[in-house]
Amino acid sequence: MKQILIATKNKGKIAEFKQFFATVNVEVVSLLDLEEPVPDIEETGQTFEENAALKAEEIAQMFNIAVLADDSGLIIDALDGRPGIFSARYAGEPTDDKANIRKVLDELAEIPAAERSARFVCVLAIAAPNKATVFYKGYCEGTITNAEKGENGFGYDPIFIPEGYTKTMAELSPDEKNSISHRKNAISQLEKGIHSK
Ligand SMILES: O=c1[nH]c(=O)c2ncn([C@@H]3O[C@H](COP(=O)(O)OP(=O)(O)OP(=O)(O)O)[C@@H](O)[C@H]3O)c2[nH]1
Ligand SMILES: [Mg+2]
């Protein structure tokens with residue numbers, strides 16, 4: 001079976017990528033599968049693209065193979081786009097999904113339902129030795145709830161209601177999330193990019 005190395009340590013992302021790539025018979029290998037632990041890559045970029053490139057290029061160079069990386073996050077309009085590129089570490093490091101959710105709900109406490117619009121963003125970068133890095137981007141529009149609901153997914157899924165739905169992303173099944181998510185939409189762009197070559 002063909003394999004793809006994905007430069008991530010996020011178990012939620014890994015589970016979703018495994019589902020996407022299983023449909024084309026590609027096995028996902030992540031940084032958590034390697035025998036030698038890989039140090040955390042500092043995400044010092046100012047944009048999702050810069051951070052995705054940092055992760056993909058560093059690992060591609062380390063192993064001399066093509067690598068896919070995902071930099072993603074939640075953009076909330078009433079918070080001027082925060083947490084944005086800081087989504088994983090919004091309430092500090094190490095990453096704590098529950099604390100991140102609490103911080104967002106606290107900051108939105110006075111904001112009425114009609115002004116709680118938000119979107120998830122996913123930027124995929126593919127880096128390969130001696131090749132220019134390429135990028136694909138996907139969005140998922142929605143709103144932020146007043147309280148957590150649902151057990152599926154990861155990150156901010158329990159407080160995000162996708163447009164056209166009445167349930168949070170964490171109440172959707174993995175298949176449902178993977179049919180509408182920012183990650184799915186970025187992968188669709190990747191497929192289009194590859195087929196047009
Ligand atoms: O509810 C969510 N559903 C999603 O589908 C989703 N995708 C991203 N996010 C948030 O954005 C951060 C990514 O930050 P990020 O791209 O730096 O990844 P990470 O640090 O978790 O892992 P790595 O890939 O860098 O190893 C994550 O931790 C989450 O807080 C999501 N939240
Ligand atoms: Mg990260």
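**Asp71 and Glu42 in a predicted model**

Author: In this predicted model, Asp71 is buried, with a relative accessible area of 3%.

Reader: Why is Asp71 called buried?

Author: Buried means under 20% relative accessible area, and Asp71 comes in at 3%, so the label fits. Asp71 sits in strand 3 (residues 67-76).

Reader: And what makes Glu42 count as exposed?

Author: The cut-off for exposed is over 50%. Glu42 has 63% relative accessibility, so it counts as exposed. You'll find Glu42 in the loop between strand 2 (26-30) and helix 2 (48-63).

Reader: What puts these two residues in one story?

Author: An unreviewed UniProt entry annotates Glu42 and Asp71 as "binding site". They span 30 residues in sequence, but no two of their C-alpha atoms are more than 12.3 Å apart, so they gather at one spot. Glu42 and Asp71 are also both part of the lining of the largest pocket.

Reader: Which side chain makes a polar contact with the side chain of Asp71, and how do you know it qualifies?

Author: That's Lys55, at 2.8 Å. The limit for such a pair of N or O atoms is 3.5 Å, so 2.8 Å passes. Beyond its sequence neighbours within four places, Asp71 is in contact with several residues, including Lys13, Phe48, Asn51 and Val121.

Reader: How do you know that strand 1 and strand 2 pair?

Author: Pairing takes at least two bridges, and five join strand 1 (residues 2-6) to strand 2, running parallel. Gln3, for one, stands opposite Glu27 in strand 2. The chain gets from strand 1 to strand 2 through helix 1 (residues 11-22), in a right-handed β-α-β crossover.

Notes. Residues numbered from 1 in each chain as written. Chains lettered and ligands numbered in written order. Predicted model: local features only at pLDDT ≥ 70, side-chain atom pairs only at ≥ 80, totals over all residues. Heavy atoms only, no water. UniProt positions renumbered as here; feature names shortened; annotations may be inferred. 1 Å grid on protein atoms, 1.4 Å probe; cavity = no way out; pocket = protein on both sides within 12 Å on 5 of 7 lines; lining within 4 Å. Helix = DSSP H or I, 4+ residues; strand = E, 2+ residues; numbered from the N terminus. Buried < 20%, exposed > 50% of the residue type's maximum accessible area, 1.4 Å probe, protein only. Contact = heavy atoms within 4.5 Å. Polar contact = N/O pair within 3.5 Å; in protein donor to acceptor, adjacent residues only side chain to side chain. Right-handed = clockwise from strand over helix to strand, strands pointing away.
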